[in-house]
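The following exercises are intended for a reader who is meeting this structure for the first time. Please attempt each task before reading the solution beneath it.

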Amino acid sequence: MSAASIASCFSKIFIRKMHVTYLPMSWRSGDNYCYLLTDEPSNKSWLIDPAYPSDIMDFLTKKNKTEVTGIVNTHHHYDHAGGNGKLLSSIYKGVPVIGGKDCPYVSYIPSDEEVIQLGKNIEITAYHTPCHTQDSICYYAKDKKTGEKCVFTGDTLFTCGCGRFFEGTADQMIKALQKIADLSSRNYHVSGSRIHGFRCEICKDCVRRFE
Ligand SMILES: [Zn+2]
C-alpha cells in the first residue's frame with residue numbers, strides 16, 4: 001500500500017464527525033440512551049429522549065456547555081419521554097418539546113418529512129414511522145457543512161431488529177422500515193434508543209462518551 005493510500009485511510013478513520021453525546025439511562029438493564037445532538041458553530045443542541053432527568057442532571061447542569069433549544073422525543077413511551085415535565089419545570093423552562101401527538105408536554109409536532117434547522121449547519125428531517133406507537137418519529141440529521149449524517153430511530157429500529165407493534169400493524173412497520181432503509185444510500189449512522197441499537201462499531205469515533 002502506498003503512503004498516499006495509507007494517509008487516505010487514516011483521513012477517513014479520524015475525520016471529525018457530527019457531534020453526538022450519548023447519555024445512558026437507568027431503565028431496566030441500563031441500555032436505554034438519550035442523545036445530545038450539537039451544532040458546534042452555534043453551540044445549540046437538541047436533547048433527544050431524556051427519559052430520566054436524574055441520571056443526566058449532573059451532566060446537563062455541570063458539563064454540558066451548549067444551549068438546549070429542543071427537548072425531542074422519538075415517541076411517547078415513558079422510557080423516552082418521561083423526563084419532559086421534570087426538565088421543563090427545572091432547568092429548561094420554556095424550551096419547546098418536539099415530538100409526536102401523545103408525548104407529554106409536546107408543544108411542536110413536526111409534519112412528516114418536515115425539515116427543521118438546528119443552529120447553523122444541522123438540518124433535521126422528521127419521518128413519521130407509526131407502528132411501535134402511532135406517534136413514532138425518526139429524526140434524520142445532516143450537517144450541511146461536513147456532509148455527516150445520522151438518524152435517531154427510537155424504538156422503531158435497533159441494530160438487530162425492530163420495536164414491538166404496540167399500536168400498529170406489520171404493514172405499517174414495513175413502511176416505516178422502508179423509509180429508514182431509503183436513507184441507507186445516504187450513508188448514515190443509526191442511533192436507536194438502546195445500546196444494541198446504537199451502531200458503535202461504525203460511529204465510535206463520532207460520539208463523545210458520557211463521563
Ligand atoms: Zn417504546
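**Exercise 1. Strand pairing around β4**

In this predicted model, β4 and β5 pair in the parallel sense over 2 bridges. Determine which residue of β5 stands opposite Ile71, and how β3 and β4 run where bridges join them.

*Solution.*

Step 1. Begin with the pair of β4 and β5. Val97 in β5 is the residue that stands opposite Ile71.

Step 2. Turn to β3. This strand is joined to β4 by 5 bridges, and the two run parallel. The bridge partner of Leu47 in β4 is Ile71.

Step 3. Follow the chain from β3 to β4. The path passes through helix α2 (residues 53-63), and the β-α-β crossover formed in this way is right-handed.

Step 4. Combine the pairings. Ile71 is the bridge partner of Leu47, and Ile71 also stands opposite Val97.

**Exercise 2. The surroundings of Thr69**

State in which strand Thr69 has its place, and decide whether Thr69 is buried, exposed or partly exposed.

*Solution.*

Step 1. Locate the residue. Thr69 belongs to strand β4.

Step 2. Apply the neighbour count. A residue is buried at 20 or more other C-beta atoms within 10 Å and exposed at 12 or fewer. Thr69 has 18 other C-beta atoms within 10 Å, and therefore it is partly exposed.

Step 3. List the contacts. Beyond residues up to four places away in sequence, Thr69 touches Lys44, Ser45, Trp46 and Val95.

Step 4. Compare sequence and space. Thr69 and Val97 are separated by 28 residues in sequence, while their C-alpha atoms are 9.2 Å apart.

**Exercise 3. The hairpin of β2 and β3**

Establish how β2 and β3 run where bridges join them, and find which residue between these strands takes a positive phi.

*Solution.*

Step 1. Examine the pairing. β2 and β3 run antiparallel and are joined by 5 bridges. Tyr35 has Ile48 as its bridge partner in β3.

Step 2. Examine the turn. The hairpin has 4 residues between the strands, and Asn43 there takes a positive phi near 65°. Most residues other than glycine have a negative phi.

Step 3. Assess the exposure of this residue. Asn43 counts as exposed because it has 12 C-beta neighbours inside 10 Å.

Step 4. Contrast the strand that follows. In β3, 4 of the 5 residues are buried, so this strand is largely enclosed by the rest of the structure.

**Exercise 4. Two tyrosines in one loop**

Tyr105 lies in the loop between β5 and β6 (115-118), and Tyr108 has its place in the loop between β5 and β6. Describe the exposure of Tyr105 and of Tyr108.

*Solution.*

Step 1. Consider Tyr105. With 15 other C-beta atoms within 10 Å, Tyr105 is partly exposed. Its phi is near 65°, a positive value in a residue other than glycine.

Step 2. Consider Tyr108. This residue has 12 other C-beta atoms within 10 Å and is therefore exposed.

Step 3. Find the contacts of Tyr108. Not counting residues up to four places away in sequence, Tyr108 touches Pro96 and Ile98. Tyr108 and Pro96 are 12 residues apart in sequence, and their C-alpha atoms are 6.8 Å apart in space.

**Exercise 5. The nonpolar cores**

Identify which members of the largest nonpolar core touch the most other members, and name the strands that each supply at least two residues of this core.

*Solution.*

Step 1. Identify the central members. The largest nonpolar core has 35 residues, and Cys34, Tyr35, Leu37, Ile48, Tyr139 and Ala141 touch the most other members.

Step 2. Trace the strands. At least two residues each come from β1 (19-25), β2 (32-39), β3 (44-48), β4 (67-72), β5 (97-98), β7 (122-128), β8 (137-143) and β9 (149-154).

Step 3. Take one member in detail. Leaving aside neighbours within four places in sequence, Ala141 is in contact with Met18, Leu37, Ile122, Ile124, Lys149 and Cys150.

Step 4. Note the separate group. Another core of 5 residues lies apart from the largest one, and its members include Cys131, Leu157, Cys162 and Ala176.

Terms used
Residues numbered from 1 in each chain as written. Predicted model: local features only at pLDDT ≥ 70, side-chain atom pairs only at ≥ 80, totals over all residues. Core = buried A, V, L, I, M, F, W, Y, C linked by C-beta atoms within 7 Å. Contact = placed C-beta atoms within 7 Å. Pairing = 2+ DSSP bridges. Right-handed = clockwise from strand over helix to strand, strands pointing away.
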